[in-house]
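Dear colleague,

I am passing on the structure we spoke about, and I would be glad if you kept it open while you read the notes that go with it.

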Amino acid sequence: MAGTDFALAFTGVAGPDKLEGVMVGTVCIGLANPETTLAKTYYFPGEPESVMTQSCQAGIYLLVQTIQAS
């Protein structure tokens with residue numbers, strides 16, 4: 001529907017408190033394209049804004065790595 005070649009998805013706990021037993025800073029990033037799908041779990045320390053910033057940076061890095069490997 002969107003006509004894109006890649007998709008990134010994020011979920012996790014930025015804080016300030018853990019959620020359903022999951023530690024603050026735990027983030028899962030998913031990436032999909034027509035050839036592959038993958039998901040990685042990360043832990044980013046810091047305040048919620050820092051966790052979100054680090055998550056976005058990791059997602060972009062994962063996307064760039066995937067494109068370069070193509």
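The notes below go from confidence to the sheet, then to the helix and the core, and last to the loop between the first two strands.

Please bear in mind that this is a predicted model. The mean pLDDT of the protein chain is 95, and 100% of its residues reach 70 or more. Among the elements, the highest mean pLDDT belongs to β2, at 98, and the lowest to α1, at 96. As a general caution, predicted coordinates should not be read in detail where pLDDT is low.

The sheet

The three strands form an open sheet in the order β1-β2-β3, and their pairing is antiparallel. Because β1 (7–12) and β3 (37–43) stand at the edges and have a single partner strand each, one side of each is left without a neighbour in the sheet. On average, and with direction ignored, neighbouring strands are turned by 20° against each other.

Between β1 and β2, the latter covering residues 26–32, there are six bridges, and the two strands run antiparallel. One position you can check in the viewer is Gly12, whose bridge partner in β2 is Val27. On the other flank, β2 and β3 are paired, again in the antiparallel sense, over seven bridges, and a hairpin of four residues leads from β2 to β3. Two positions help to fix the register here: Ala32 stands opposite Thr37 in β3, while Val27 stands opposite Tyr42 in β3.

The helix and the core

Helix α1, residues 48–69, packs on the sheet and touches β1, β2 and β3, with its direction at about 30° to that of β2. Which residues make up the largest nonpolar core? There are seven of them, namely Val27, Ile29, Leu31, Phe44, Val51, Ala58 and Leu62, and both β2 and α1 supply at least two residues each to this core. This can be set beside the general tendency of nonpolar side chains in soluble globular proteins to be buried together.

A few individual residues show how the packing works out in detail. Leaving out residues up to four places away in sequence, Ala58 touches Ile29, Tyr42 and Phe44. Under the same kind of exclusion, which covers neighbours within four places, Gln54 is in contact with Phe44 and Pro45. Gln54 lies in helix α1 and counts as partly exposed, its relative accessibility being 23%. The C-alpha atoms of Gln54 and Val27 are separated by 9.7 Å, the two residues being 27 apart along the chain. Thr66, which is also found in helix α1, has a relative accessible area of 13% and is therefore buried, the cut-off being under 20%. Not counting residues up to four places away in sequence, Thr66 touches Phe6, Leu31 and Asn33.

How many aromatic pairs does a search of the whole structure find? The search gives one, formed by Tyr42 and Phe44, which are stacked with 5.5 Å centre to centre and 15° between the planes. The two partners do not fall in one accessibility class: Phe44 is buried, with a relative accessible area of 10%, whereas Tyr42 counts as partly exposed at 21% relative accessibility.

The loop between β1 and β2

Two backbone features in this loop deserve a look before you use the coordinates. Pro16 is found in the loop between β1 and β2, and the peptide bond from Gly15 to Pro16 is cis, with omega near 15°. Glu20 lies in that loop between β1 and β2 as well, and its phi is near 50°, a positive value in a residue other than glycine. Is Glu20 buried or exposed? With a relative accessible area of 79%, Glu20 is exposed.

With best regards

Conventions:
Residues are numbered from 1 along each chain as its sequence is written. This is a predicted model: local features need pLDDT of at least 70, side-chain atom pairs count only at pLDDT 80 or more; totals for chains, interfaces and linings use all residues. Side-chain values use heavy atoms; hydrogens and water are left out. Two strands pair if DSSP finds at least two bridges between them. Axes are lines fitted to C-alpha atoms, for helices over the stretch in contact, and angles run from 0 to 180 degrees between N-to-C directions. Contact means heavy atoms within 4.5 Å. pLDDT is the predictor's confidence in each residue, from 0 to 100. Buried means under 20% relative accessible area, exposed over 50%, partly exposed in between (1.4 Å probe, protein chains only). A nonpolar core is a set of buried Ala, Val, Leu, Ile, Met, Phe, Trp, Tyr and Cys residues joined through side-chain atoms within 4.5 Å. Rings of Phe, Tyr and Trp (its six-membered ring) pair if their centres lie within 6.5 Å; planes under 30 degrees apart count as stacked, over 60 as edge-to-face and the rest as tilted.
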